[in-house]
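Hi everyone, thanks for making the time. I'll walk you through a structure that is probably new to you, so have a look at it while I talk.

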Amino acid sequence: MKKQFGDYLARQQGRILTFILGMVVVIFIGILATAYIIAKRANPIILDETGKPVNSQTINHH
C-alpha cells in the first residue's frame, strides 16, 4: 500500500507542486489587493512636526 501511494506521488509530483504554487500566488495577490483597498479607504491625515495636519496641496517654503 505504501509503495503504491509513493509511486502515485512520484508520478503526480509536478501537478501537485504546480497546484500548490498556484494557490500561493493566488493567496498572495489576494492579500496585496486587500491591503491596497484597505489603505485607500483609510484616508490618513498627515501631521507635521508639531502635530498639526498638513495640507498636501500647499507647498511650505521655509
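Before I point at anything, one bit of vocabulary: buried means under 20% relative accessible area, exposed means over 50%, and partly exposed is what sits in between. Keep that in your head, because Val54 has a relative accessible area of 35% and is therefore partly exposed. I should also say right away that this is a predicted model.

Okay, the overall picture. The secondary structure comes to one helix and zero strands. There are 62 residues in the chain, and buried ones make up 2% of them. The chain exposes about 6,400 Å², and carbon and sulfur atoms supply 66% of that area.

Now the helix, H1, which runs 2-42. Follow it along and you'll find a bend of about 65 degrees at Gln12.

How many salt bridges does a search of the whole structure find? One. It pairs Asp7 with Lys3, and the closest N and O atoms are 3.9 Å apart. Both residues lie in H1, four residues apart, which is about one turn of the helix. As for the surface, Lys3 is exposed, because its relative accessible area of 61% falls over the 50% cut-off. Asp7, at 35% relative accessibility, counts as partly exposed.

Next, let's turn to the nonpolar side of things. A patch on the surface is formed by Phe5, Tyr8, Leu9, Ile16, Phe19, Ile20, Met23, Val24, Ile27 and Ile31. Together these residues have about 980 Å² of accessible area. Take Ile31 as one of them: this residue lies in helix H1, and with a relative accessible area of 53% Ile31 is exposed.

So what happens just after H1? There, Asn43 takes a positive phi of about 50 degrees. Why bring that up? Because most residues other than glycine have a negative phi. Asn43 has its positive value although it is not a glycine. Asn43 is also exposed, with a relative accessible area of 62%.

Stay in that segment after H1, since Asp48 is found there too. Which backbone nitrogen does the side chain of Asp48 reach at 3.1 Å? That of Gly51. A polar atom of the same Asp48 side chain also lies 2.9 Å from the backbone nitrogen of Lys52. Asp48 itself is partly exposed, at a relative accessible area of 29%.

And that brings us back to Val54, which is likewise found in the segment after H1. Leaving out residues up to four places away in sequence, Val54 touches Ile46, Leu47 and Asp48. So Asp48 turns up again here, as one of the contacts of Val54. Is Val54 buried, exposed or in between? Partly exposed, because 35% is neither under 20% nor over 50%.

To recap, you have one helix, bent by about 65 degrees at Gln12, with the Asp7 and Lys3 salt bridge. After H1 come Asn43, Asp48 and Val54. That's my tour, thanks for listening.

Key. Residues numbered from 1 in each chain as written. Predicted model: local features only at pLDDT ≥ 70, side-chain atom pairs only at ≥ 80, totals over all residues. Heavy atoms only, no water. Helix = DSSP H or I, 4+ residues; strand = E, 2+ residues; numbered from the N terminus. Buried < 20%, exposed > 50% of the residue type's maximum accessible area, 1.4 Å probe, protein only. Areas by Shrake-Rupley, 256 points an atom, 1.4 Å probe, with all protein chains shown as cover. Contact = heavy atoms within 4.5 Å. Patch = residues over 30% accessible without salt bridge, like charges linked within 9 Å, V, L, I, M, F, W, Y side chains within 5 Å. Salt bridge = Lys/Arg side-chain N within 4 Å of Asp/Glu carboxyl O. Bend = angle between axes of the 7 residues up to and from the residue. Polar contact = N/O pair within 3.5 Å; in protein donor to acceptor, adjacent residues only side chain to side chain.
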